[in-house]
Amino acid sequence: ALQDSMASAWNHANLAGHVAPYADTATFMARGPLRGRDRIRASLERSFWREGKPVQQLRFDSLTVRPMGTGHALVTGKFTLYGGGRDDRSGWFSLQYARTEEGWKILHDHSS
């Protein structure tokens, strides 16, 4: 459900909603480590948004959730950016989630 809400937020030009599931101290590994939700948001905006909107739409496929005890989970899957008059771009990701007082939060995102 969180992945669906993230894609929906992205597709409705709500970048704050897209990054809301990230913990304040989350790390994001793409071309190198980014630390913190604000830096993750800034990087996504710089790379994939123009004039306050995403350049392409986002979907997640092939999701697998692997519980890691009662308070953590590993989510793997495929992301695809599509539309916007551009070729589709896709890759694989793994997310480490932790159950917090605020709900499930992403601690670490490794996307390639």
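**Fold and strand pairing in the predicted model**

Read from start to end of the sequence, the chain goes α-α-β-β-α-β-β-β-β-β-β. That adds up to 3 helices and 8 strands. The radius of gyration comes out at 13 Å, close to the 13 Å that the globule rule gives for 112 residues, so the chain is as compact as a globular protein of that length. It's worth keeping in mind that this is a predicted model.

A few overall numbers help to set the scene. Along the principal axes, the C-alpha atoms fill a box of roughly 45 × 25 × 25 Å. Of the 112 residues, 36% count as buried. Among contacts with a separation of 6 or more, 46% come from residues 24 or more positions apart. As for the surface, the chain exposes about 6,800 Å², and carbon and sulfur atoms supply 49% of that area. The chain carries 15 positive and 11 negative charges, and the mean positions of these two sets are 4 Å apart.

Now for the strands. S5 (residues 57-67) and S6 (residues 72-82) run antiparallel and are joined by 9 bridges. One of the pairs across these two strands puts Phe60 with Phe79 of S6. S5 and S6 make a hairpin with 4 residues between them, and in its turn Gly69 has a positive phi of about 85°.

Further along, S7 (residues 89-100) pairs with S8 in the antiparallel sense, this time over 8 bridges. Here Ala98 sits opposite Lys105 in S8. These two strands also form a hairpin, linked through 2 residues. S8 (residues 103-111) has another partner too: strand S1 (residues 22-29) pairs with S8 in the parallel sense, over 4 bridges. In that pairing, Thr27 has His108 of S8 as its bridge partner.

Finally, there's Gln3, which is found in helix H1 (residues 2-11). Is Gln3 buried or exposed? Its relative accessibility is 5%, and the cut-off for buried is under 20%, so Gln3 counts as buried. Leaving aside residues up to four places away in sequence, Gln3 touches Phe60, Leu63, Val75, Phe93, Leu95 and Tyr97. Phe60 has come up already, as the bridge partner of Phe79. Pro21 lies 18 residues from Gln3 along the chain, and the C-alpha atoms of the two are separated by 9.1 Å.

Notes
Residues numbered from 1 in each chain as written. Predicted model: local features only at pLDDT ≥ 70, side-chain atom pairs only at ≥ 80, totals over all residues. Heavy atoms only, no water. Rg over C-alpha atoms; globule rule 2.2 N^0.38 Å. Buried < 20%, exposed > 50% of the residue type's maximum accessible area, 1.4 Å probe, protein only. Contact = heavy atoms within 4.5 Å. Areas by Shrake-Rupley, 256 points an atom, 1.4 Å probe, with all protein chains shown as cover. Lys, Arg positive; Asp, Glu negative; His and termini not counted. Charge placed at Lys NZ, Arg CZ, Asp CG, Glu CD. Pairing = 2+ DSSP bridges.
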